[in-house]
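Student: I'm new to this one. Could you pick a single part and walk me through it slowly?

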Amino acid sequence: VKFKYPFIKPSFPEATYLIKSYEKIVENNWYTNFGPFEKQLCKDINSFIGINIKSTTVASATLGLDVAIKVILKGSKKDKNQVIMPSFTFVAGAEVLISNGYTPVLVDINKDWQPDIVQAEENINKNTVGILLCNTFGVGNPQIREWEALSNKYNIPLIVDSAAGFGSLYEDGLAVGSAGNCEIFSFHATKPFAIGEGGAITSNDPKLINEFRKTQNFGFNDKKQVELIGTNAKLQELNCAIGISKMKTFSKNILKRQEKLSYYKKLLAPIGFIFQPNDDKSTVPFCSAVAQKKIDTQNLINKLQANGIEAKKYYTPIHKFTAINKYSINSNKLSMTENIYSGIINLPIYDNMHHKDIKYISDTITKYIQ
Ligand SMILES: Cc1ncc(COP(=O)(O)O)c(C=O)c1O
């Protein structure tokens, strides 16, 4: 189906830029494996996130999570393998944990739609080896400093899945990408910083970044010895070139996206929708709105789609997937997760969307809920 308003419309680089970059790649004789474009993109990411932040690029956020988990949680024993994470997130983090032999312990979200820190602490026990905090919809968790304190208190690492949050800020103004042991970003086509497939891991610990770079290259060290069990998570030069070009206009595009979100809010708040705290400091992958009244949001989404608007519902809580549930622990106290999921609709936002488009989408919603 072709929608008049597809859910995602990435800003693609100019074809001439791609051709030039490709010619440079040929001249460099360097397709992949940490080439000059990759090194430049890392530098750009470091200065974008802030002082003392180092990064490595990865072929996807999922592989970034894999690399981070392999490095940070290494050494934990089979009987000590629980990792606390929310159910209200994308499934990738849980899949990576499970395939590395860990057991996700799924906790609820709070009124901010962010992981519930009280439930998290209740679930910490002698088998807990880490926390996979997920910044819901890439919005910086307003309680991030409390999560860091929790991680220090119990001496367990805090890995932050900020897939959609490249360019977002925490409430205190520090960049998403600077918290916990490390943060993982996605540069997938569906994200505001879209390069096709790709991502990055950022940390203020350069030693950790060094370990990530070995792990993402089969565990090879400088002497070409396999020092640890790794994988292949390297990002190709051409994707890095796209990232470098994207970076040039990204700050401006974030402002544009935030402005569109604020227009959506202006139109949707009076008809009973609420929004996520701190979303105005995020990169806004899309508009997420929760209906305060009990309405059939799936039916509303179907109606919007029939009108050419590709609305969606994120995230399907991961405890609802039988394959995930089978390998996870779940306290059965996921009521906020259920409530938010039931009331949520996610609406398209593009860098260059017009107010009249947002008005049309909002008018269509109004028509169907009244
Ligand atoms: C929270 C979260 N984690 C991980 C991912 C996976 O990212 P990628 O597609 O780059 O592997 C996504 C992608 O949607 C996500 O939203």
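Tutor: Let's take one strand and its partner, then glance at a few backbone spots elsewhere. Keep in mind that this is a predicted model.

Start with strand S11, which covers residues 344-347. Follow its side chains: Ile344 and Asn346 point one way, while Ile345 and Leu347 point the other way. In a regular strand, side chains alternate between the two faces of the sheet. Here the residues pointing either way are all buried.

Now for the partner. Strand S9, residues 287-291, pairs with S11 in the antiparallel sense, over four bridges. To find your place in that pairing, look for cysteine 287, which stands opposite leucine 347 of S11.

From S9, step over to the loop between strand S8 (273-274) and S9, where asparagine 278 lies. Its phi is positive, about 75 degrees, even though asparagine 278 is not a glycine. Most residues other than glycine have a negative phi, and most peptide bonds are trans. Asparagine 278 counts as buried because its relative accessibility is 7%, and the cut-off for buried is under 20%.

Compare asparagine 29, in the loop between helix H1 (15-28) and helix H2 (36-49). Asparagine 29 also has a positive phi, near 55 degrees. But asparagine 29 has a relative accessible area of 71%, so it is exposed; exposed means over 50%.

One last backbone spot: the peptide bond from tyrosine 314 to tyrosine 315 is cis, with omega near -25 degrees. You'll find tyrosine 315 in the loop between helix H9 (297-306) and helix H10 (322-326).

Terms used:
Residues are numbered from 1 along each chain as its sequence is written. This is a predicted model: local features need pLDDT of at least 70, side-chain atom pairs count only at pLDDT 80 or more; totals for chains, interfaces and linings use all residues. Side-chain values use heavy atoms; hydrogens and water are left out. Buried means under 20% relative accessible area, exposed over 50%, partly exposed in between (1.4 Å probe, protein chains only). Helices (H or I, at least four residues) and strands (E, at least two) are DSSP runs, numbered from the N terminus. Two strands pair if DSSP finds at least two bridges between them.
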